Amino acid sequence: LEFSSVNRSNIYSNIVQNRGFGGDIFSESFVEVVVDTFTVMQPTGFHASPLENFTFDILNDAFQQVSADLFVSPDGDNANDGLTPETPLKTIYNAMSIIIADVTNALTIHLANGIYSQSTNGEIFPIQFGDYISLVGESENGVILDAEGVNKVMVCSNVSNPAISNLTITGGVSIPYNIGTGGLLVENSNTTLENVTITGNTSFRGGGIYFLDGEGIFTNVTITGNTSTSGGGGIYFDNSTASFEYVTISNNSTNFSGGGIYSYGSSLELSLENRCNIYSNNVSNTGSGADIYSNSLLEVVVDTFTVLNPTEYHASPLQNFTFDILNSINEQINADIYVSPNGDN
């Protein structure tokens, strides 16, 4: 691509609607971007991807960047500066577009209570993270990020130290056979989640969360009521590592394996002191491991599991697991059982 330095072009305010970065421009080869107006004066991976493939000669910006914490509210205005709770921006997308953080200046986007969706505040999904940015809600149950069934909710792709806390992720979907998740996609990133609820999302894989080549730290996270068609109704881990404290994974479902958790080539650590709960997840169709599937050895240390003595129905392949369970949701029975459509569970 050749950009004229005499009769300059303009590239700004473009959007990526699925996964990845490069809202304004993507190129696998080197490009000298020479323009009159670009979205910002100092593009990040949010605007141009992969960033190392570009040089920039920009005369004007459509939006002024900010190297400071930003505040967002569904009742805000994207014409505000976003620098105080009294002058919040309206959308998380706009905040992510203008904030500029780095390893020496990690920044936070603060979210006021309210519903963030296309119908309420014009939010654009998925929400794309930049490097060294934390997204912090006012309260876990008060800040609702709702994709309303039109896209996945959030993406952390090839970014450093993104952190998410005090909010709910819901209403996300992914295109069948596209890379997974309806809720949160973590790809080649080290991501921290604390005081987060992930519920009511659906996808091909990893209904609530899909981790690909990622690292995760989960503290006080609830993953419930998510669905997938091909593994990991709650979470799908692929070549990833994660640690869990006070995490509850329940009532998720999939058509394949791992209604709660699907782990492939991954290492998961469940805290002995701050125990988690994994129960009442479901597999239909051809799958097994209603609560958890892992193709490698996994020590399941929990406060509450579906049963005290898991079988292949609950964890598959059973020989890949050891269990340390304090409590169960269901009492197991060593006897014949009778079932009727007129019965009661």
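Colleague: What relative accessibility does E245 have, given that this residue counts as partly exposed?

Modeller: Buried means under 20% relative accessible area and exposed over 50%, with partly exposed in between, using a 1.4 Å probe and protein chains only. E245 counts as partly exposed because its relative accessibility is 33%.

Colleague: What kind of model do these values come from?

Modeller: Residues are numbered from 1 along each chain as its sequence is written, and side-chain values use heavy atoms, with hydrogens and water left out. Local features need pLDDT of at least 70 and side-chain atom pairs count only at pLDDT 80 or more, while totals for chains, interfaces and linings use all residues, since this is a predicted model.

Colleague: Which residues gather with E245 in a patch of negative charge on the surface?

Modeller: Patches are made of residues with over 30% relative accessible area and no salt bridge, where like charges are joined within 9 Å and nonpolar side chains (Val, Leu, Ile, Met, Phe, Trp, Tyr) within 5 Å. Asp and Glu count as negative, Lys and Arg as positive, and His and the chain ends are not counted; the place of a charge is taken as NZ of Lys, CZ of Arg, CG of Asp or CD of Glu. E245 itself lies in strand β21 (residues 241-245), a strand being a DSSP run (E) of at least two residues, numbered from the N terminus. The patch joins E245 with E269, E273 and E299.

Colleague: How much accessible area does the nonpolar patch of I333, I337 and V339 have together?

Modeller: I337 lies in the segment after β31 and counts as exposed, at 58% relative accessibility. Accessible areas come from the Shrake-Rupley method with a 1.4 Å probe, and for residues only the protein chains shown count as cover. Together, I333, I337 and V339 have about 370 Å².

Colleague: Which residue meets D57 in a salt bridge?

Modeller: A salt bridge is a side-chain nitrogen of Lys or Arg within 4 Å of a carboxyl oxygen of Asp or Glu, and by this rule the count comes to two. D57 lies in strand β5 (residues 54-61) and its partner in the segment before β1 (9-11), so the pair ties together parts that are 49 residues apart in sequence. At 3.2 Å from N to O, the partner of D57 is R8.

Colleague: Which residue of the salt bridge between D324 and R275 counts as buried?

Modeller: The side chains of D324 and R275 meet at 3.1 Å, N to O, with D324 in strand β31 (residues 321-328) and R275 in the loop between β25 (267-270) and β26 (276-279). D324 is partly exposed, with a relative accessible area of 30%. At 14% relative accessibility, the buried residue is R275.

Colleague: Which are the edge strands of the open sheet?

Modeller: Two strands pair if DSSP finds at least two bridges between them. Eight strands form the sheet in the order β9-β12-β14-β17-β20-β24-β28-β30, and the pairing is parallel. The strands that each pair on one side only are β9 (127-128) and β30 (315-316).

Colleague: What omega does the peptide bond from S316 to P317 have?

Modeller: Most residues other than glycine have a negative phi, and most peptide bonds are trans. P317 lies in the loop between β30 and β31. The bond from S316 to P317 is cis, with omega near -15 degrees.

How values were computed: Helices (H or I, at least four residues) and strands (E, at least two) are DSSP runs, numbered from the N terminus.
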